[in-house]
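Student: Walk me through this one, please. I'd like to take it piece by piece, starting with the vocabulary.

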Amino acid sequence: MLKNIETFMAKPEPYAPSTAKFWDDEHISKGMLESHLNPDWDAATRKHAFVRQSVEWISKAAPVQDYRTLLDLGCGPGIYAELFHKAGYQVAGLDLSERSISYAKESAETHGLPITYEVCNYLTLDYAEQFDVVTLINYDFGVLSTENRAKLLAKIHTALTPNGLFIFDVFTPNQYSGLEEYKQWEYSQNGFFSAEPHLCLNSFYRYDEQNTFLQQHLIVTDQDVKCYNIWEHTFTESELSRDLDHAGFKIKGLYGDIAGAPYDAAGKTLCVVAEKQK
Ligand SMILES: C[S@@+](CC[C@H](N)C(=O)[O-])C[C@H]1O[C@@H](n2cnc3c(N)ncnc32)[C@H](O)[C@@H]1O
């Protein structure tokens, strides 16, 4: 077992993948769904009071009379999607997690909501000019590698109608300022990562030159070691502007968060409303 753990002792190369499924793992997805559905947690989904403010603001930034169809990427159990529907959009939601999508479908059916949901990896998206708005909410753009961010932007550009909007939020490098690299451990009988007794070896790594950070969790059970690498690329305004421009978007609006707080150059989060250019 020690040999297995030793493999993970060095600082990983940027964007080294996890060794096991995360979002769609049978056990982890249970805890994740619980976290989405808790209205008072700021975790898998933001606090539900914030979600309501966010949908209200998005429906002003992209008024329904001009932007009818909306695709929510990484929609989870449909908390935003249902509110987007109530705001008047024709809504589709995609997510990697079967558990979240089953919950979303069941809820839509129970409440008679005509929302389309699909289990799908958004990196394989293949819509063409079908949506007036695409959303990616709760800092998910930054978890992708440089290559996958470019790939996703290209797919979103193709999926949007002319002048369609891509609305998303990211962290800025200020999110991690002053936080030093650390290693820490805990023991659990049955926790978020595993239902079996396990040791959780947690590390935080900085890649300051790339504005990138890693929360690594090694989960050690009697049988094996699983490595979960949760990457977070953080963005400056100029990097966002460059990457969006390269992908055929123009920044239409920059905000402090995805509920429309004023942009603050010293803030920890940013929200972008990007418009597809022809
Ligand atoms: C942090 S949660 C945010 C969920 C939702 N946007 C919200 O704010 O309530 C990230 C979501 O993205 C999904 N996800 C992660 N990677 C994905 C991918 N490559 N394709 C589709 N969904 C993905 C996860 O399953 C999870 O539901």
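Tutor: Helices (H or I, at least four residues) and strands (E, at least two) are runs from DSSP, numbered from the N terminus. Residue numbers start from 1 along each chain as its sequence is written. Bear in mind that this is a predicted model: local features need pLDDT of at least 70 and side-chain atom pairs count only at pLDDT 80 or more, while totals for chains, interfaces and linings use all residues.

Student: Okay, what phi does the residue Gly 88 have, the one that follows α4?

Tutor: Helix α4 spans residues 79-86. Gly 88 follows that helix, and its phi is positive, near 115°.

Student: How many of the eight residues of α4 are buried?

Tutor: Let's fix the word first: a residue is buried if 20 or more other C-beta atoms lie within 10 Å of its own, exposed if 12 or fewer, and partly exposed in between, with C-beta atoms placed from the backbone. By that count the buried residues of α4 are Ile 79, Tyr 80, Ala 81, Glu 82, Phe 84 and His 85. So the helix is mostly covered, with the buried residues numbering six.

Student: Which elements do those buried residues of α4 pack against?

Tutor: Here a contact is two C-beta atoms, placed from the backbone, within 7 Å. The buried side of α4 packs against α2 (28-37), α3 (48-61), β1 (69-73), β2 and α5 (98-111).

Student: And the ligand: which residues come nearest to it?

Tutor: A residue is near a molecule if its C-beta atom, placed from the backbone, lies within 6 Å of it. Both α4 (79-86) and β2 (90-95) give at least two residues to the shell around the ligand. Of the 20 residues around the ligand, those that come nearest are Trp 23, Thr 45, Gly 74, Gly 76 and Asn 138.

Student: How many of the residues in that shell are charged?

Tutor: The sorting goes like this: Ala, Val, Leu, Ile, Met, Phe, Trp, Tyr, Cys and Pro are nonpolar, Asp, Glu, Lys and Arg are charged, and the others, Gly among them, are polar. The shell holds ten nonpolar and eight polar residues, and the charged ones number two.

Student: Which strand gives the largest share of the largest nonpolar core?

Tutor: A nonpolar core is a set of buried Ala, Val, Leu, Ile, Met, Phe, Trp, Tyr and Cys residues joined through C-beta atoms within 7 Å. The largest one has 52 residues, and those touching the most other members are Tyr 80, Val 133, Val 134, Leu 165, Phe 166, Ile 167 and Phe 168. Its largest share, seven residues, comes from strand β5 (residues 160-171).

Student: What does Val 134 touch, not counting residues up to four places away in sequence?

Tutor: Val 134 is one of the core residues with the most contacts to other members. Skipping those sequence neighbours, Val 134 touches Leu 71, Leu 73, Ile 156, Ala 159, Leu 160 and Phe 166.

Student: Why does Asn 163 count as partly exposed?

Tutor: Asn 163 is found in strand β5, and its phi is positive, near 65°, though it isn't a glycine. Asn 163 is partly exposed because the number of other C-beta atoms within 10 Å is 14.

Student: Lys 276: buried or exposed?

Tutor: Lys 276 lies in strand β11 (residues 269-276). Leaving aside neighbours within four places in sequence, Lys 276 is in contact with residues including His 157, Asn 163 and Phe 249. With 23 C-beta neighbours inside 10 Å, Lys 276 counts as buried.

Student: How far apart are the C-alpha centres of domain 1 and domain 2?

Tutor: The bounds come from an automatic or database domain assignment: domain 1 is 2-8 + 175-232 and domain 2 is 28-172 + 235-276. Their C-alpha centres lie apart by 27 Å.

Student: How many residues does the contact take from domain 2?

Tutor: Domain 1 gives six residues to the contact. On that side they divide into four nonpolar, one polar and one charged. From domain 2 the contact takes seven residues.

Student: Last one: what is the radius of gyration of the protein chain?

Tutor: The chain has seven helices and eleven strands. The radius of gyration is taken over C-alpha atoms, and the globule rule is 2.2 Å times the number of residues to the power 0.38. For 278 residues the rule gives 19 Å, and the chain comes close to it, so it is as compact as a globular protein of that length, with a radius of gyration of 19 Å.
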